[in-house]
Amino acid sequence: MTTNLIDQRKSSILSILLFVIMMISGCDTVQSTSNTKLKEHPNITKLKNQSKEFTPDIIQLNENIYVAVGYDGSNTSMIIGEDGVIIVDALRALGAAEKVAKKFREITSKPVKALIYTHGHQDHTGGASAFIGNNKSVKIIARTGFKEELQENSPVKPILQKRNARQFGRDLPLQDIINRGVTAGVTSKDRVGKGYIKPNLTFNDSLSVSFAEVDLQLYAVNGETNDGLFVWVPSEEALFVGDNYYNAFPNLYAIRGSRYRDVQAWGIAINEMSNYPADYLIPGHTRPLSGKKTVHENLRNYGKAITFVYDKTIECMNKGYTLEQTVEAVQLPNTLKNRPNLQEFYGSVPWGVRSIFTHYVGWFDGNPTDLYPLALKEEAENIITLAGGEERLFEVLKKTINEESFQWGLQLSDYLLQINYHRKAVVQLKVKCLRGLAAQQINAPARNYYLSYAYELEEPKRN
């Protein structure tokens, strides 16, 4: 591929004209699919099957390790030692954490000696007090810089919160909810974050400690967050990896908005973890894995996938590819993309590519066309003129829905919305496109975002 200077921000003018020519005839009416029972898309079936990963359960891995899955938006684990226990991560809602803490106490009455936060996301920290109460002697361990990058510290917190709600489908009606890719679609709202307790022991690179005669090795690692760590327990041959591994393609970029996630470091860290003789792999979401071969193979292909996306993106950038050309070029090989633990239920390869590209060169992709692009309204007016006018483009928009060309329909609807052409009718068609894309999505955040935005367009007063 060689770099061309055609503006790839949106569909090219040539594409639009060709599409109009092909589709313009015989499309006076829209065939509504709202009352038609459509066959479920295979991607939706796969996404529904992913929900098995967070069926509520207390999973016993061996005599000393128990993992609570599905009680909230993340996992929490208990390691039993001689005269006490160690808790790894603490859920999001205090109410959910209290339920798990009660179940843990039914297994053992030994007191909590330490609690480890694998990273600062609220779904891993909000229920700490349920496990340790008012015991001031408990060591609460995290990495230096803990929580510094989170949205509660951001100057654009309001929009991040709005996008967060869309990504996770927090406001969707129950009938539209499947799951969030690596957790259930609905999680506890019982005193969210009210049990959080600040760390009283932090470290920079690594930390070796012992509690209840259990030796722990903690290592700082960048990945889904830049305040992450993983825990190696030699006596149990167990790896606690937080959100740097789960049973889905990694979320190299969160569409809710986040700082750059260090993709290169993430891949390196996973590859290093795969060298540990781990018999148990305990992730921050989805069910734990057992067996040295299983753990090793899953970590190896996970690390390879992350590294491949990073390396291939850098290669394309250095060849002069534009952003869109790079996104098109970076595709996981079949040996990776067909792996069960690399399905794009949560993360997305194209999102990761875009994040890496803009991290290194910023918003300008090298195409001079994009230095000073036309204002959106001016571009829309020009495209509409080339298409033969508003009515003709509107007819093409209706045709896209019949043809299930929903992404194309979204782009055309945005042109018409820029000039306020039959706004109510165009919005209705845009909603159909959003719902059409959602009905084809294996990626839970994308599906939730499409549906959430559709509801916002239908009920603007609610937002």
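**Exercise 1.** In this predicted model, determine over which ring the charged end of K147 sits.

*Solution.* The charged end of K147 is placed over the ring of Y196, at 4.9 Å from the ring's centre. A second case involves R435, which lies over the face of Y455, 4.6 Å from the ring centre.

**Exercise 2.** Establish the strand order of the open sheet of seven strands, and state which strands stand at its edges.

*Solution.* Step 1: the order is β1-β2-β3-β4-β5-β6-β7, and the pairing is mixed. Step 2: β1 (57-60) and β7 (201-203) each have a single partner strand, so one side of each lacks a neighbour in the sheet. Step 3: on average, neighbouring strands are turned by 20° against each other, direction ignored. Step 4: within the sheet, β4 (residues 85-88) and β5 (residues 112-116) run parallel and are joined by four bridges; I87 has L115 as its bridge partner in β5. Step 5: helix α3 (residues 94-107) packs on the sheet, touching β1, β2 (65-69), β3 (76-80) and β4. The direction of α3 makes about 20° with that of β3.

**Exercise 3.** Classify the aromatic pair formed by F230 and Y276, and decide whether each residue is buried or partly exposed.

*Solution.* Step 1: the whole structure contains twelve aromatic pairs. Step 2: for F230 and Y276, the centres are 5.8 Å apart and the planes make 80°. Because planes over 60 degrees apart count as edge-to-face, this pair is edge-to-face. Step 3: F230 belongs to strand β10 (residues 229-233), whereas Y276 lies in the loop between α6 (263-273) and β12 (280-283), 46 residues apart. Step 4: F230 has a relative accessible area of 5% and is therefore buried; Y276, at 23%, is partly exposed. Step 5: both residues belong to one aromatic cluster with Y219 and W232.

Notes. Residues are numbered from 1 along each chain as its sequence is written. This is a predicted model: local features need pLDDT of at least 70, side-chain atom pairs count only at pLDDT 80 or more; totals for chains, interfaces and linings use all residues. Side-chain values use heavy atoms; hydrogens and water are left out. Two strands pair if DSSP finds at least two bridges between them. Helices (H or I, at least four residues) and strands (E, at least two) are DSSP runs, numbered from the N terminus. Axes are lines fitted to C-alpha atoms, for helices over the stretch in contact, and angles run from 0 to 180 degrees between N-to-C directions. Contact means heavy atoms within 4.5 Å. Rings of Phe, Tyr and Trp (its six-membered ring) pair if their centres lie within 6.5 Å; planes under 30 degrees apart count as stacked, over 60 as edge-to-face and the rest as tilted. Buried means under 20% relative accessible area, exposed over 50%, partly exposed in between (1.4 Å probe, protein chains only). A charge sits over a ring if NZ of Lys or CZ of Arg is within 6 Å of the ring centre and within 35 degrees of the ring normal.
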